[in-house]
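Grab a pencil and open the model in your viewer. Here are some exercises, each followed by a worked solution.

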Amino acid sequence: MTLPTLSPGALAGLRVVEMGQLIAGPFAGKTLGDFGADVIKIEPPDAGDPLRNWRMIQDGTSVWWQVQSRNKRSIALDLRSAEGQDIARKLIAQADVLIENFRPGTLEGWGMDYATLSRDNPGLVMLRISGYGQTGPYRDLPGFGAIGEAMGGLRHLTGEPGRVPVRCGISIGDTLAALHGTIGVLTALYHRKVNGGQGQVIDVALHEAVFNVMESLVPEYSAFGAVREAAGSALPGIAPSNAYRCADGVVLIAGNGDSIFKRLMQCIGRDDLATDPALADNAGRVRRVEEIDAAIEAWTVSRTVTGVLESLGAAKVPAGRVYTARDIVEDPHYLARDMILSQETRDGHEVKVPGIVPKLLGTPGQVRSSAPRLGDDTDTVLAELAFSAQDIAALRERKVVA
């Protein structure tokens with residue numbers, strides 16, 4: 001597609017250097033880039049970010065890459081060489097934000113610790129995402145999102161009771177860390193601009209990002225010694241909220257509000273439960289959740305998913321089907337809210353990608369450029385650092401850049 005003429009985004013003028021790879025760091029970079037930041041992605045010259053080759057490949061490049069790296073510029077730079085490190089320091093000296101998700105100590109080994117970098121750029125905001133954080137007894141252990149999900153408490157709650165815990169199907173630990181990191185970046189930038197503060201380091205650990213969304217897990221253990229366990233499709237302690245079989249599939253029904261429960265029971269023809277004073281609040285319903293779930297499924301099991309959703313929609317009871325990728329791409333609500341975008345790759349393929357979240361109505365996020373090929377912007381970025389064409393050719397000859 002031909003990209004339209006776009007207005008500056010909310011983060012226009014913000015320069016970000018992204019040194020991370022795979023998921024967590026680059027997702028934070030993508031989020032900032034979607035809202036107008038100039039994101040310069042540093043990649044190894046030989047193969048680039050490994051994500052380029054993850055999962056399904058089209059013309060040698062992962063289609064995942066097309067969403068993870070849109071709105072970025074790619075410079076292929078050997079950070080293991082002294083010259084490459086020097087170029088990186090020059091880039092960082094002009095940046096507002098540095099994103100990295102290497103193992104702790106990697107940047108220090110390259111002479112790019114925060115104390116050194118901030119001498120040339122005291123306003124630098126440095127986002128560091130790692131498995132266990134920059135401090136603590138586990139800091140040097142390798143950590144991926146799956147391990148963070150387990151340590152953060154999430155894996156213990158997934159799946160069916162008594163079965164091996166399952167993952168949710170995506171790298172949710174990495175994404176949660178990226179979103180926490182993005183919040184940290186924006187908070188630090190606000191402090192720098194509004195409160196006259198300096199730059200600072202944001203230390204995000206994968207397991208802590210997961211742990212931060214674990215709701216009442218720890219308070220319940222602290223107060224009652226209760227260890228929350230896996231519960232399948234149910235939501236323990238909140239009723240009714242579960243998945244229910246239909247004649248042709250499954251529906252999710254959340255009838256756990258007091259007035260919603262009454263409407264749900266009336267809809268399924270169980271006025272006796274709707275008016276039962278023992279079920280008027282959540283505590284009472286939790287005590288009889290098996291009875292309630294059985295009543296709901298006795299009604300849904302003989303009906304189609306569409307029929308169930310139509311009836312519950314009319315009764316104003318929250319309910320929904322389980323969406324596949326096909327369902328999402330074809331859904332009119334997704335389309336009406338611009339959540340499915342057609343994006344042209346640098347190789348000329350049309351690919352559908354997720355739209356931009358959150359939606360800023362005054363300065364909405366935009367796709368300004370498709371994901372770069374490895375080193376697409378090396379020459380341009382180096383020229384912005386005052387390297388001549390001869391300098392760049394010599395660096396390329398020595399394999400410092402590509």
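One definition before we start: the expected span of a helix is 1.5 Å times one less than its number of residues. Keep in mind, too, that this is a predicted model.

**Exercise 1. Check the span of helix 7 against the expected one, then work out which of its residues are buried and what covers them.**

Step 1. Helix 7 has 23 residues, and the distance from its first C-alpha to its last is 33 Å. That is close to the 33 Å expected at 1.5 Å a residue.

Step 2. Now go for burial, taking under 20% relative accessible area as the cut-off. The buried residues of helix 7 include Gly-173, Leu-176, Ala-177, Gly-181, Gly-184, Val-185 and Ala-188.

Step 3. A general point helps in reading such a list: an α-helix has 3.6 residues a turn, so residues three or four places apart point the same way.

Step 4. The cover over these buried residues includes helix 1, strand 6, strand 7, helix 6 (145–151), strand 8 and helix 8.

Step 5. Look just past the end of the helix as well: Gly-196 has a positive phi of about 70 degrees.

**Exercise 2. Lay out the sheet of six strands, and find its edges and the helices that lie across it.**

Step 1. The strand order is 5-2-1-6-7-8, the sheet is open, and the pairing is parallel.

Step 2. Strand 5 (72–76) and strand 8 are the edge strands, each pairing on one side only.

Step 3. From one strand to the next, the twist averages 20 degrees.

Step 4. Next, count bridges around strand 7. Strand 6 and strand 7 are joined by four, with Leu-98 partnered by Met-126. Strand 7 and strand 8 share six bridges, and there Ser-130 has Ala-205 as its partner.

Step 5. Add the helices. Helix 1 lies across strands 1, 2, 5, 6 and 7, at about 160 degrees to strand 1. Helix 3 (residues 82–93) lies across strands 1, 2, 5 and 6, at about 165 degrees to strand 2.

**Exercise 3. Is strand 7 enclosed or open to the outside, and which core residues surround Leu-127?**

Step 1. Six of the six residues of strand 7 are buried, so the strand is largely enclosed by the rest of the structure.

Step 2. Split the strand by direction: Val-125, Leu-127 and Ile-129 point one way, while Met-126, Arg-128 and Ser-130 point the other. As a rule, the side chains of a regular strand alternate between the two faces of the sheet.

Step 3. Turn to the largest nonpolar core, which has 31 residues; Val-16, Val-97, Leu-127 and Val-185 touch the most other members. Helix 7 gives the largest share, six residues.

Step 4. Zoom in on Leu-127. Its contacts beyond four places in sequence are Ala-28, Leu-98, Ile-99, Glu-100, Gly-181, Val-185, Ile-202 and Val-204.

Step 5. There is also a second, separate core of 29 residues, and Leu-77, Leu-98, Phe-102 and Val-381 are among its members.

**Exercise 4. Is Asp-49 buried or exposed, and what does its side chain contact?**

Step 1. Find Asp-49 in the loop between strand 2 and strand 3 (57–58).

Step 2. Its relative accessible area is 2%, so Asp-49 falls under the 20% cut-off and is buried.

Step 3. The side chain of Asp-49 makes a polar contact with the side chain of Lys-41, at 2.9 Å.

Step 4. Beyond its neighbours within four places in sequence, Asp-49 also has contacts that include Gly-20, Leu-22, Pro-26, Glu-43 and Trp-65.

**Exercise 5. Work out the order of the three-strand sheet, and why one side of each edge strand lacks a neighbour.**

Step 1. This open sheet runs 9-10-11, with antiparallel pairing.

Step 2. Strand 9 (241–246) and strand 11 (319–321) each have a single partner strand, so one side of each is left without a neighbour in the sheet.

Step 3. Neighbouring strands here are turned by 25 degrees against each other on average, direction ignored.

Step 4. Strand 10 (residues 249–254) is joined to strand 11 by three bridges, and Val-251 sits opposite Arg-321.

Step 5. Finish with helix 13 (residues 289–300), which lies across strands 9 and 10 at about 30 degrees to strand 9.

Methods
Residues are numbered from 1 along each chain as its sequence is written. This is a predicted model: local features need pLDDT of at least 70, side-chain atom pairs count only at pLDDT 80 or more; totals for chains, interfaces and linings use all residues. Side-chain values use heavy atoms; hydrogens and water are left out. Two strands pair if DSSP finds at least two bridges between them. Helices (H or I, at least four residues) and strands (E, at least two) are DSSP runs, numbered from the N terminus. Axes are lines fitted to C-alpha atoms, for helices over the stretch in contact, and angles run from 0 to 180 degrees between N-to-C directions. Contact means heavy atoms within 4.5 Å. A nonpolar core is a set of buried Ala, Val, Leu, Ile, Met, Phe, Trp, Tyr and Cys residues joined through side-chain atoms within 4.5 Å. Buried means under 20% relative accessible area, exposed over 50%, partly exposed in between (1.4 Å probe, protein chains only). A polar contact is a pair of N or O atoms within 3.5 Å; within protein, one must be able to donate a hydrogen and the other to accept it, and residues adjacent in sequence count only if both atoms are side-chain atoms.
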